[in-house]
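Got your viewer open? Let's take a short walk through this structure, one selection at a time.

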Amino acid sequence: MPGIILWYGDPPLPGTIYKLDMRGFELSENPDVANINIQLLNPLLSSASIVVFNHSGEVDDSNIHYDTYKQLPLFINHGLLILILSDRGRWSTLKEDLKRLHPNFTWDEEIRFLTDLKGINFDNIVSYQRVQPWKNIKIEKLDLSEELKQDEKLLVCRAFQKAEELHIRELKSGFTPSRVFLAYEKMRVSSIAHWTQPRLVKIGESNNLANEIKAMKEVSPFVPFELRPNLEVYIEGFSKSVYVADFVEKSESMLEAARAGRAEAAISNLFNRTLQLWRDRAWQCTPPSIESLALAAKRLEIIYPDIIENEYLESVLIEDAAIDVNTLWATLVDISFEHRAATIHGDLHGDNIRVRGDDAILIDLGAVKGTDEYGKGAPICFDVAMLEVALVFTCTDDENRKDQFNQPEWENAIRRFYDLNAILNPPKPNPKPKQDDYFWLFGCLRRVRAFGIYEQSDKHEYAIALVIAMWRLCKFPSLSKTDRGRRVIALDIGAKLISQIEAERRKST
Ligand SMILES: Nc1ncnc2c1ncn2[C@@H]1O[C@H](COP(=O)(O)OP(=O)(O)O)[C@@H](O)[C@H]1O
Ligand SMILES: [Mg+2]
């Protein structure tokens, strides 16, 4: 069933009406949608497939469509194809008008501008496969999380075409504004309804989700099927979009696994299996990059001094030591050597990797950076260093709750790993294993650094990547006093490492 065409402006030419009719389209001329809220059961919108704004009529139409154009988000959330018919000469003015009305939307991709509905234009329209009409499904929350907004609910209904009922439980999202749910779907298959495997539902800002989906598709040939997020459905809405993917069952976050001392095999497998082919692309890029790691970090918006938050710069430790991040950064900018660069995950931390047994499963590809084009790559050492720094510096919920700036035990446990010597040489075994809260550090760092050091093309590559990963922590606001205390230490350690690296390089030239 081709569905209804909502047609605004002067009516179509009789020939067009006839041809549309022959193909089973039904016309609804100038229906009033100005007052429709995003209702789930709006019969007109759920059976429509195309919206046409016809500007090629005789009358001056500049104001006619205004109220309807305001409802574009509604049309887009319903998955309707939007066509604007006008003289080519008017397209840019119309685009400007639309931009004023909805500043954040990328019109060129979602809306087709045509001069008329003749010939090939007509053929393209009638062959348009409209999205499945969505149905209102019963969504039951299994927790006390906030209700879904109407537009979110609509997109979720569109994503679960075959569902009769959906039970959702909210998961704690990372630092992004997205909402993430575990969902159980009761399918409407013939007369028997059955519950399917749990699914992961992510609702996020459209542009962010579009990047994440793009990354998922690009990465899929390089990461084994069972070790990556597998996309099932992606619904693009106006300001938000939704995707449904496999939920990684019987798994824990890498941070949890690390703290419990059972992440070591998974860390090795992360680089040896999960990411191996993906990272290997960097070795196929010739020539290797010669840009300094610091410049690459700036180009990729990972970190540079201007974006370090004052709450860290103005701490007693940093002020008393008279640390000048700009001067130190300039030193890093001057250190360049050939290194491997391609695509990186960009946000490798304990909560973006699930651990199941010895497997490391990637889940969040929302921050992928770099390409394998020369000059556009991301240094592959960044991923390794970011994971190490995340494991060492991230606070658990309990630690955040303590809200305690000074953490002498933690500091004492970690500092010894961040002298330049300790980075260049394998960490020494823990003299008293399993006796304190940080017994796990040694084993994890040994595994991470095995990659960091083994892959480096300059003696100081991994150490510089660590500085970049530590300073990167300071571009985010702190979550608690505990967290602030740790990020200040990261800034301080980074500064000391830069001085040590510079001194060593000066000595050897
Ligand atoms: N496929 C999945 N399987 C299991 N848990 C998941 C999955 N995807 C996300 N999660 C959980 O939801 C959290 C947030 O999801 P994520 O995609 O990382 O969102 P954000 O972009 O907000 O960081 C994750 O840290 C993880 O705990
Ligand atoms: Mg995440």
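Start with the magnesium ion, ligand 2: Asn-352 (OD1) and Asp-364 (OD) coordinate it at 2.1 to 2.3 Å. Keep in mind that this is a predicted model.

Now show the backbone as a cartoon and find where those two residues sit. Asn-352 is in the loop between strand E14 (341–342) and strand E15 (353–356), and Asp-364 is in the loop between strand E16 (359–362) and strand E17 (378–379), so the pair ties together parts that are 12 residues apart in sequence.

Are Asn-352 and Asp-364 buried or exposed? Buried means under 20% relative accessible area. Asn-352 comes in at 5%, so it counts as buried. Asp-364 has 17%, so it counts as buried too.

Next, select ligand 1. It has 17 residues around it, and the closest are Ser-173, Thr-176, Lys-202, Val-248 and Asp-364. You'll recognise Asp-364 from the magnesium ion.

Zoom in on the oxygen atoms of ligand 1 and check these contacts:

- Asp-351: a polar backbone atom is 2.9 Å from an oxygen atom of the ligand.
- Asn-352: here a polar side-chain atom lies 3.0 Å from a ligand oxygen.
- Arg-354: a polar side-chain atom sits 3.4 Å from an oxygen of the ligand.

Try a surface view next. On its own, ligand 1 exposes 550 Å², and the protein buries 92% of that.

Last stop: colour the shell around ligand 1 by residue type. You should find six nonpolar, five polar and six charged residues. Then colour by domain: domain 2 (138–246) and domain 3 (252–508) each supply at least three residues of this shell.

Conventions: Residues numbered from 1 in each chain as written. Chains lettered and ligands numbered in written order. Predicted model: local features only at pLDDT ≥ 70, side-chain atom pairs only at ≥ 80, totals over all residues. Heavy atoms only, no water. Near = heavy atom within 4 Å. Polar contact = N/O pair within 3.5 Å; in protein donor to acceptor, adjacent residues only side chain to side chain. Areas by Shrake-Rupley, 256 points an atom, 1.4 Å probe, with all protein chains shown as cover. Nonpolar A, V, L, I, M, F, W, Y, C, P; charged D, E, K, R; others polar. Domains from an automatic or database assignment. Donors = N, O, S within 2.8 Å, 3.2 Å for Na, K, Ca; no water. Helix = DSSP H or I, 4+ residues; strand = E, 2+ residues; numbered from the N terminus. Buried < 20%, exposed > 50% of the residue type's maximum accessible area, 1.4 Å probe, protein only.
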